[in-house]
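Welcome, and take a moment to look over the model before reading on. This report walks through its overall makeup, then a few chosen spots.

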Amino acid sequence: MKTQSSATALPAIAVTTPRTSGPGTLQAALGVVAFSLTFPATAWGLEGFGPWTLVAVRSVLAALVAGGCLLALRVPLPARRYWAGLAVVAAGVVVGFPLLSTLALRTSSTAHAAVVVGLLPLTTALLSALRFGSRPSRTFWTAALAGAGAVVAFTVQQSGGALTTADLYLFGALLACAAGYTEGGRLARVMPGWQVIGWALVFCLPLAVPAAALALAHEPVRLTAHSVGGLLWVAAGSQFLGLVVWYRGMAAIGIPKASQLQLAQPLLTLVWSVLLLGEHLTPAAPLTAAAVLVCIAVTQRARG
């Protein structure tokens, strides 16, 4: 593969005129379902792998899948001017969010994490506004702050009056993922979104392989159906295939409609935490998730 700037000739991932609403909506919905299973799958993976092993091996497997797709389709290497942006995507989505959220889930329930990470669309919108100098309306900022306040109140109440280390990991994961999404959204204007995450994964491979070898040498491994299934899902489903169908669906139906579908993600994760992990929800969890959903819906409408 040669270093060329042919990426600029590729279609932008977000189109304003939907082509086929039905299949596009289904693809975007499948992406949301894939993302909603990330935390339960991570909890399963932690039953047999250490956190560092789980994150490193996850990155290696996802990079192999992505690299295979890029090679099979003979996608040229992105031009050098895009490498810095891809590094931000890799740091946020491939390394930062998986690592910090996995460390948090050692002591936090998936239901608790789902509510906190429900702020991701708001956090991404805030960073996007700062990154690109946009000026959201007062309604947008009011709803964003209300959603953030609801989540902070929830975490403090659930933690007995103070933030825990797991909460700090989750808030860090929020910022990392939002930064990766913001930069990835910018790059998706000049190359298909699946290639953005694909190259970000491949660029991490030289670091992920030695990290996986080192982690496997120092953390015990216990292979079970849960641990292996969780690892395979977060690697292939959440880290790559989920993003493929998500970006394809977003290209077909447009960003605003796809974003509305993503509002259901925290609530879906709460359902999976009960069905797959047997967790017991406190009344505050679904109520806070619903409140955040309303705030996000208001910000989406305020942004047009």
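A residue is called buried when its relative accessible area is under 20%. With that in hand, here is a clear case: the buried residues of helix 5 are T110, A111, H112, A113, A114, V115, V116 and V117. Helix 5 covers residues 110–117, and eight of its eight residues are buried, leaving the helix mostly covered.

**The overall picture**

Please keep in mind that this is a predicted model. The mean pLDDT of the protein is 82, and 86% of its residues reach 70 or more. Residues 1–20 are a stretch to read with care: their pLDDT stays under 50. For that stretch the model has 46 contacts beyond four places in sequence.

What kinds of secondary structure does the protein hold, helices or strands? It has 13 helices and zero strands. Read from the N terminus, the order of elements is therefore α-α-α-α-α-α-α-α-α-α-α-α-α, with helices and strands taken as DSSP runs. Of the 304 residues in the protein, 49% are buried. Contacts often reach across the sequence: among those between residues at least 6 apart, 89% join residues at least 24 apart. The accessible surface of the protein comes to about 13,700 Å², and carbon and sulfur atoms account for 68% of that.

**Aromatic rings**

A pair of aromatic rings is described by the distance of the centres and the angle of the planes. How many aromatic pairs does a search of the whole structure find? The search finds three. One of them joins F39 and F97, whose ring centres are 6.2 Å apart; their planes meet at 15°, so the pair is stacked. This pair links distant parts of the chain, since F39 sits in helix 2 (residues 38–45) and F97 in helix 4 (residues 83–104), 58 residues apart. F39 counts as buried at 7% relative accessibility, and F97 is buried too, at 12%.

The rings of W199 and F203 also pair, with centres 6.0 Å apart and planes at 45°, so this pair is tilted. W199 and F203 are four residues apart in helix 9 (residues 193–218), a separation of about one helical turn. An α-helix has 3.6 residues a turn, so residues three or four places apart point the same way. W199 is buried, with a relative accessible area of 2%, whereas F203 counts as partly exposed at 29%. Ring pairs also bring in W83, linking W83, W199 and F203 into a cluster.

Here are the two pairs side by side:

| Ring pair | Distance of centres | Angle of planes | Kind |
|---|---|---|---|
| F39 and F97 | 6.2 Å | 15° | stacked |
| W199 and F203 | 6.0 Å | 45° | tilted |

**A salt bridge and its surroundings**

Side chains of opposite charge can pair when their charged atoms come close. A search of the whole structure finds one salt bridge. Which residue does R186 pair with? Its partner is E183, and the closest N and O atoms are 2.6 Å apart. R186 and E183 both belong to helix 8 (residues 165–187), where they stand three residues apart, about one turn of the helix. R186 counts as partly exposed at 26% relative accessibility, while E183 is buried, with a relative accessible area of 7%.

From E183 we can step across to G92, which is found in helix 4. G92 and E183 are 91 residues apart in sequence, yet their C-alpha atoms are 9.4 Å apart in space. G92 is buried, at 3% relative accessibility. Leaving out residues up to four places away in sequence, G92 touches F97, P98, A176, C177 and G180.

**Two last stops**

S59 lies in helix 3 (residues 51–72). Is S59 buried or exposed? At 6% relative accessibility, S59 counts as buried. Not counting residues up to four places away in sequence, S59 touches V94, L201 and A208.

Finally, turn to the surface. L216, V221, L223, V228 and L232 make a nonpolar surface patch of about 440 Å². Among them, L232 is located in helix 10 (residues 225–253).

Methods. Residues numbered from 1 in each chain as written. Predicted model: local features only at pLDDT ≥ 70, side-chain atom pairs only at ≥ 80, totals over all residues. Heavy atoms only, no water. Patch = residues over 30% accessible without salt bridge, like charges linked within 9 Å, V, L, I, M, F, W, Y side chains within 5 Å. Areas by Shrake-Rupley, 256 points an atom, 1.4 Å probe, with all protein chains shown as cover. Salt bridge = Lys/Arg side-chain N within 4 Å of Asp/Glu carboxyl O. Helix = DSSP H or I, 4+ residues; strand = E, 2+ residues; numbered from the N terminus. Buried < 20%, exposed > 50% of the residue type's maximum accessible area, 1.4 Å probe, protein only. pLDDT = per-residue confidence, 0-100. Contact = heavy atoms within 4.5 Å. Phe/Tyr/Trp six-rings, centres within 6.5 Å; stacked < 30°, edge-to-face > 60°.
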